[in-house]
Each structure stands twice: as C-alpha cells, then as structure tokens.
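Please open the model in your viewer and keep the sequence panel beside it, since this tour moves from one selection to the next.

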Amino acid sequence: ITVGLIGRGLMGAGHLRALLGRKEAQVIAVCDVDQERREEGQRLVESTFEVRRKTGSFVGCATYDDFRELLARADLDAVLIATPDHWHTPQAIAAARAGKDVYCEKPISLTLQEGRELVRVVHRYGCVFQTGTQYRSIPVIRRVCEFVRGGGLGRLKGVFTIWKKTRIP
C-alpha cells in the first residue's frame, strides 16, 4: 500500500514512525507546509527504506508543500491526514475525490454540515475511510474514565487540560 503523509507535526510524526514499521505499507510522499518538518520526514523515510531501494522495490519519497500535488499522484493508494483540525475535512474530501483511501486524525470535521459532506463524498467515491479513536479504546484510558465516572475523584466541577507545545525535529 503506497501512502502519503499530509502533516508532519506532533501526531503526523508519530504516525509516520508507525507507518514505517508496517511491512504492507510504503510511504512515498510527505507533505507539510513547514520545510524543515517535510524534509526531516523525507530523510526518515529514505533511511528506513534504504534496503528496499537496493532491491528496486522502493522508488523514493517525494516531498510536497501543497497536499493537492500529493493527491494528484496516480501511484498513491492512501493518505494519512494529521494536519490542523480545520484542514481535516477539506483534505479528506479532496483525497476521496482523488480516489485515495483515507486515515484522518480527529476531529473528522468541525461542523455537522462538513461531516455530512464528507460521508456523502466517501460513499460516492467508495474509498476506505478511518479515523483514530485509540484514546477511546486503550485499556488504561478506559479504566481511568470508569474511575472518574464512578466518582473516584468526587463530584467534578470543571475540567481543563494543558497541552505542551513541542517542536518536532
């Protein structure tokens, strides 16, 4: 399965590492508007698949700063979308229209209208669409949720999170 990564920020970098460990997948393109992230992703892919290149089963990893150029590739089977939230639906719709299967980070859409349009396009073009809900199904997370919902922390009055900004090399 030839795959293109769209967005190599925090989540995209993790997904790229996971993809590189999959025998059935071959990353052939990395797209990011940040040149440093894009080129570091390409170097990681190239070094990982170096053995395949010697056997002729890997042609290399291209880079793009415009996802539409990546989607225009006829040799691309699927894309993994890990861009900022407001791009998820437009890029997933464009990928489905281009005949690509899609794995998209959450949130899938920002509005019901966007979500409904995405469902319509995915059905129309018959692509495979998947989104990540790992944090909804990881056993330790489930136990934490059950603990909190069961009153383990008492009655909650509010919830807040802190998300540390990290620069991905």
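Begin by selecting helix α2, residues 35-48, in this predicted model. At 1.5 Å a residue, the 14 residues of α2 should span 20 Å, and because the C-alpha atoms at its two ends are 20 Å apart, the expected and modelled lengths agree.

Within α2, now pick out Arg38, Gly41, Val45 and Glu46, which are buried. If you turn the view to look down the axis of α2, these buried residues fall within an arc of 130°, so they line one face of the helix. To see what this face meets, add α1, β2 (26-31), α3 (50-55) and β3 (62-64) to the selection, for the buried residues of α2 pack against these elements.

Next, keep α2 and show helix α1, residues 10-20, beside it; the two axes come within 11 Å and cross at roughly 10°. Angles under 35 degrees count as roughly parallel, and therefore α1 is roughly parallel to α2. Which residues of α1 and α2 meet here? On the α1 side they are Leu16, Arg17 and Leu20, and on the α2 side they are Gly41, Leu44, Val45 and Thr48. Colouring this contact by class would show four nonpolar residues, two polar ones and one charged one.

Finally, move along the chain to the loop between β5 (101-104) and α6 (112-125), where proline 107 lies. Select lysine 106 together with proline 107, and look at the peptide bond that joins them, which is cis, with omega at about 0°.

Technical notes: Residues are numbered from 1 along each chain as its sequence is written. This is a predicted model: local features need pLDDT of at least 70, side-chain atom pairs count only at pLDDT 80 or more; totals for chains, interfaces and linings use all residues. Side-chain values use heavy atoms; hydrogens and water are left out. Helices (H or I, at least four residues) and strands (E, at least two) are DSSP runs, numbered from the N terminus. Axes are lines fitted to C-alpha atoms, for helices over the stretch in contact, and angles run from 0 to 180 degrees between N-to-C directions. Angles under 35 degrees count as roughly parallel, over 145 as roughly antiparallel, 65 to 115 as roughly perpendicular and the rest as oblique. Contact means heavy atoms within 4.5 Å. Ala, Val, Leu, Ile, Met, Phe, Trp, Tyr, Cys and Pro count as nonpolar, Asp, Glu, Lys and Arg as charged, and the others, Gly among them, as polar. The expected span of a helix is 1.5 Å times one less than its number of residues. Buried means under 20% relative accessible area, exposed over 50%, partly exposed in between (1.4 Å probe, protein chains only). The arc is that of the directions from the helix axis to the C-beta atoms.
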